[in-house]
Protein chains: 2
Amino acid sequence: SCSKSISIEGHESYPKLILKKQDVPQIVEGISKYPLLKASFEKAKSIADNAILNGIEIPIPKDPGGGYTHEKHKRNYIEMYNAGLVYQLTGEEKYAVFVRDMLLKYAELYPTLGLHPMKKNQAPGKLFWQGLNESVWLVYTIQAYDCIHDFLTDTERKIIEENLFKEVVKFFLTENKSTFNRIHNHGTWAVAGVGMTGLVLGDTLMVKQALYSTELDSTGGFLRQIDELFSPDGYYAEGPYYQRYALLPFVIFAKALENNIPELKIFDYKSGVLNRAVVTLLQLTNTDGRFYPINDAIKDKTWITPELVFGTNIAYFNTHDSTILDVAQKQGEVMLSIEGLEVAKAIEQGHVKTFVRKPIVIRDGKNGDAGGLAILRMGKNEKQTSVLFKFTSQGMGHGHFDRLNLNIFDRGVEIVPDYGAARFINVVAKEGGRYLNENKTWAKQTIAHNTLVINQKSNFNGSVKLADKFSPKLLFTDLSNANIQMVSAIDENCYKNDTIQRTLALIEFGDRKFLIDLFNIKGIGRVQYDLPTYFNGQIIDSNFEIQRLNQYKILGNNNGYQHLVIDAESRAFDSLARVTWAIGTGFYSLTTITNTHTNFYVVRLGANDPNYNLRNQQGFIFRGELAGSGKILSVYELHGNYNPSTEAVLGSESAIDSCKLFDDNDRVAVYVTLKNGKKIGLFIDLSFSGSNSNRVKVDNSVVTWQGNYKLTIKE
Amino acid sequence: SCSKSISIEGHESYPKLILKKQDVPQIVEGISKYPLLKASFEKAKSIADNAILNGIEIPIPKDPGGGYTHEKHKRNYIEMYNAGLVYQLTGEEKYAVFVRDMLLKYAELYPTLGLHPMKKNQAPGKLFWQGLNESVWLVYTIQAYDCIHDFLTDTERKIIEENLFKEVVKFFLTENKSTFNRIHNHGTWAVAGVGMTGLVLGDTLMVKQALYSTELDSTGGFLRQIDELFSPDGYYAEGPYYQRYALLPFVIFAKALENNIPELKIFDYKSGVLNRAVVTLLQLTNTDGRFYPINDAIKDKTWITPELVFGTNIAYFNTHDSTILDVAQKQGEVMLSIEGLEVAKAIEQGHVKTFVRKPIVIRDGKNGDAGGLAILRMGKNEKQTSVLFKFTSQGMGHGHFDRLNLNIFDRGVEIVPDYGAARFINVVAKEGGRYLNENKTWAKQTIAHNTLVINQKSNFNGSVKLADKFSPKLLFTDLSNANIQMVSAIDENCYKNDTIQRTLALIEFGDRKFLIDLFNIKGIGRVQYDLPTYFNGQIIDSNFEIQRLNQYKILGNNNGYQHLVIDAESRAFDSLARVTWAIGTGFYSLTTITNTHTNFYVVRLGANDPNYNLRNQQGFIFRGELAGSGKILSVYELHGNYNPSTEAVLGSESAIDSCKLFDDNDRVAVYVTLKNGKKIGLFIDLSFSGSNSNRVKVDNSVVTWQGNYKLTIKE
Ligand SMILES: [Zn+2]
Ligand SMILES: [Zn+2]
């Protein structure tokens, strides 16, 4: 770890944390020149003006989240923060007076407080029911104090520092010590608050504790958090929805450190992972800016969200990657700091470059060795197709049991969706907006995902403890070709007796895209498997009779199965089953190699859901049996177009005539023959050995190829 | 009717139908000046250039709609039409040559043709399986001929006129005579084609027949069609989806008449109803430009549709209503004519005014006495709330049995939706894109709508013949106030023994909107009623226990009931039932006065639908009984806000504490008491007699008011 000898730079001028005294004149000038900066300043001013108009109220803490005193204390720090900034940018004393008076009242109240009366978990606060809120309060409030520091008398400063900030810090370092030292996002908020307070108060020990844990032994603290919570590729294990939120204290505290202890070179730490984490997060969005809703995630959340403004602004300032400006521009606001000034100026001067979503592999794990995500992408802008393949680690408390999960997005629409979290955030009637019980009974379960379920059990039998220990492994990836992108990953632990490998190849051919989806399962004994494909849209067609049920049948009793109603089923298949559905302007077909033992279900969510906590969601499930080892081949076909303006429809039918799989252990040949006679051949060495003499018997001849895979098109 | 002596203006220059010779120079100049005109010209040129590149093919008619020869003949007229225009605007002969050669080939083929081999209905074509397509072919092709008329030799003209156009016209006037004379949109296409051909060929009789029917007796023909198919308010009885399409031959033929027989003053006919029909149609859209999907309608169709370009351009040219420019601008293309020039110029010169959707009553029926539509509207732009109340006539073949139906839209989202048509237009696997059987068994039925169903039967027992004879009546409307808009209509015929009156009052109070929905039923004998509210979104909450079923139960056996699965039910109510759901950024609550006999169902579509032809749709149904007469009171509450960027939620819960109804025959007092103690009182004389001494006993006192209604707010 880093040297523990640090010195806080001796510039005596305040503010110095994020907004810096010496930058104020250029920012003030920039406000008159750059529309984005102006809009952001005006927003801050309007918040501050309203706050002054409404007067100061510091209620005795009483209510839990969503309640009056909770919301009021939240509003208070936002108001102080904005008033502090506006004081610096206007010089008008009324803003400083407002912050001063509120801080003095907090300094009166805080020392009188015990733990919050509604405390719920092991990390309570005093102003708030959760320590987390208290940390956030501190991160914003210390910035407000920083802004008015020079306006105050020595006596006022003494009162506020001794009775308020040092008290809050003491609370974190003693009563909330375990959170403070925890390698977890909640810990980051705590160390950010305490560390920034240390920088403002000139308290080197506080800063050291924030960096290296209360014991200064690097078992916790900010640096250890950066080490462990981000992969080298900048992935945060809980997934993009939480990464969006978790990034905030990282980039703010890092910025404050950069401004005051530049020799720490915090943005170079771990090869510059904090900047990379911002760009990686931006890549983890669909064409409309929505974060991919893996793990616990509120769907529809986009990159236009206030907490990401700090991320884009600081990352742009550090890297001058002008594609970040594209996102910053859409966000419509910037930081009131030198970073925001640079962003607003660059945008106004026309430096924006389009942010391009690329095919990408993002490694998970602190050392990049705990699986990851692959995003296969073809097509441009809002028409882009994305295939998200998830072989990450469990993702801590917010992770799902979704090893080797697949999601498909096309033309801005979620085609093969992820359920996200079972939660209606901030909706009073839905458990006050907290995670619903169905998050555990449904959303986290394996059957809720587009991946293989063995013997109707979830991965690791639903044990988070076990799941935390193992990650899938990336075996092979090649995203460098225009017409084929391939990835293969393996999980050897999520089912006790079986090793599961999933290989995806996205192929563009003609005006269609084909996603070859091959499972290679090696196991012992006879197992039943279910392979679900949840879909949005309307069933259009199938090449077999789908028998809708006129009785109420639930798919199973537990592990999520208890929530699935069987809407239709089919049995006794020929060699191929094909279903087509439509949504938006596109048509989508799933073709699967079947046999006479295959069962097919159309399922819908809603069983054992008395309070309508689950959304409507339909899915297809193919059920089969494996004796020991085996392979499962499906082909997704993205085709056709509906033009709502002219009502013209093109290519609404699947083009596939047949799919065939030939294999010899790890060597496989996949043939997709189209109705027009053309034939796609894909030959893979599933062991990815790099061998130059791969061979598979195909009917009565032998096919050979060199290297890990080969694509052929027979016209 | 008009004088039947007409003279086609003797200007010998061609083209003269829509694009006029004398306008060509200014249009050519305009192309270089006005971006919209330029884009439209370039689109036409690209179609024509591609056509020339691909060469001419006139296949022998063989395939039905969607098939090759069908699509090819459609493409041919589009190509000729565009090449004709481009010839005029560029003077390049290759375009004229293309049109000439194709016309000559058609002139060779057409006389050899019998009826189309795939003919399906009583009005077949020769080039196409349906005469309708043949009419459309003629409307475009005669314009192409008009454009190259002067380029041709006398001999060529003679061949084309005698062997092609006169043959087609003869076909319409003899074999397809009944369609030609029919007061129906298909008839309009036929008379437009024939009439425009008459204008180009200088054949006065043809034009007269188009105007006054084959027998010249005004039992059919264009003028009679205008008389009967549009109400004085410009409403077309089949509803907006069909009005969008039906308008096209009306405005094109009218424009051709205006250009060639100006003394007919066709755009003044019936007090200028054709211009009004355009603006009325624009009003029949939701905030995002989607047409309200009443009757048979493909949902998601918006005003950005090529066939409406003629409507907006011609209506703007005639009226200079600059709010039409707002729509024309969004359409992104203009006519290549003086009308399109004017529109493109006005837009470029900044004359666009925002098109404002207003509260409005639109009368139906040729004389405006066959019911109509009322749209209550509050709020601005994309945040607007619209309540659509349908008390129109049946709407001919595409009408639904939906007397007194209600739909609610809010913030761009369909909150209480209309199912629209059961049809997947142009999707091969769904019956070739035609209307599905479920259109009849579900979409048209009364239970598929948000209106009262008596004894599980549809209006008029599902008889179109009967339904065509009667319309509801508008009793009262007052849309002039800022905080309350009211409408009341009555239907005395849709159920044999019962008269049904529905009164809607949209009230804005605080930051919420309340829609008071009062049924007043006068009948004989005991009846069961069902009152459905279909909803989009997620059930959030209710003030009673909703019992989800774990058995498969269908609501009924016929009249649409056979498609509804009972998902949940509740019985034995207290005095008030309230359910809340959420969609988009809003929350919606429905509060209904109930009693111990009320039954409540949550239903979903999908029973007896083996091919998944019906979309998922959920609904609430309140079922009750009436002994003779009675009233049913519901209150819709539009409330709250979800901010997806900040995840903040406000007002997710209903504010209603109680609803009460007091009545004395036609005098009613409705009280809605809110949880904050405020009280909305609405007093209505349901006979709308204008009496100055209305009174109702309320508990132990008497409330009196003057006039048809009174709103009070008790703080
Ligand atoms: Zn998940
Ligand atoms: Zn309908």
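Reader: How many residues does each chain bring to the contact between chain B and chain A?

Author: In this predicted model, chain B gives 48 residues to the contact and chain A gives 48 residues, where contact means heavy atoms within 4.5 Å.

Reader: What is the area buried between chain B and chain A, and which residues of chain B supply the most of it?

Author: About 3700 Å² is buried between the two chains, with carbon and sulfur atoms giving 50% of that area. On the side of chain B, Arg548(B), Tyr612(B) and Glu647(B) supply 21% of what that chain buries against chain A, which is more than any other three residues.

Reader: Why is the meeting of Glu647(B) and Lys301(A) called a salt bridge?

Author: The side chains of Glu647(B) and Lys301(A) come to 3.6 Å, N to O, and the rule asks for a side-chain nitrogen of Lys or Arg within 4 Å of a carboxyl oxygen of Asp or Glu, so the pair qualifies. Across the interface of chain B and chain A the rule finds four salt bridges, and the count of residue pairs in polar contact between these chains is 28, both residues being at pLDDT 80 or more.

Reader: Which elements of chain B give two or more residues to the side that touches chain A?

Author: They are α11 (240-260), β12 (538-542), β14 (564-570), β17 (599-605) and β21 (648-650) of chain B, and β12(B) gives the most, with four residues. By residue class, the side of chain B that touches chain A divides into 24 nonpolar, 13 polar and eleven charged residues.

Reader: What makes His400(B), Asp418(B) and His449(B) donors of the zinc ion (ligand 2)?

Author: His400(B) through ND1, Asp418(B) through OD and His449(B) through NE2 lie 2.1 to 2.6 Å from the zinc ion (ligand 2), and because the cut-off for donors of this metal is 2.8 Å, these residues count as its protein donors. Their spacing along the chain is H-x17-D-x30-H, and His400(B), in the loop between β3 (385-391) and β4 (405-410) of chain B, is 18 residues apart from Asp418(B), in the loop between β5 (413-416) and α16 (437-443) of chain B.

Reader: How do you know whether His400(B) and Asp418(B) are buried or exposed?

Author: Since buried means under 20% relative accessible area, His400(B) at 0% is therefore buried, and Asp418(B) at 2% counts as buried too.

Reader: Which residues are the protein donors of the zinc ion (ligand 1)?

Author: They are His400(A) (ND1), Asp418(A) (OD) and His449(A) (NE2), at 2.1 to 2.7 Å from the ion, and Asp418(A) and His449(A) are buried.

Note on methods: Residues numbered from 1 in each chain as written. Chains lettered and ligands numbered in written order. Predicted model: local features only at pLDDT ≥ 70, side-chain atom pairs only at ≥ 80, totals over all residues. Heavy atoms only, no water. Buried area = accessible area lost by both parts, 1.4 Å probe. Polar contact = N/O pair within 3.5 Å; in protein donor to acceptor, adjacent residues only side chain to side chain. Nonpolar A, V, L, I, M, F, W, Y, C, P; charged D, E, K, R; others polar. Donors = N, O, S within 2.8 Å, 3.2 Å for Na, K, Ca; no water. Buried < 20%, exposed > 50% of the residue type's maximum accessible area, 1.4 Å probe, protein only.
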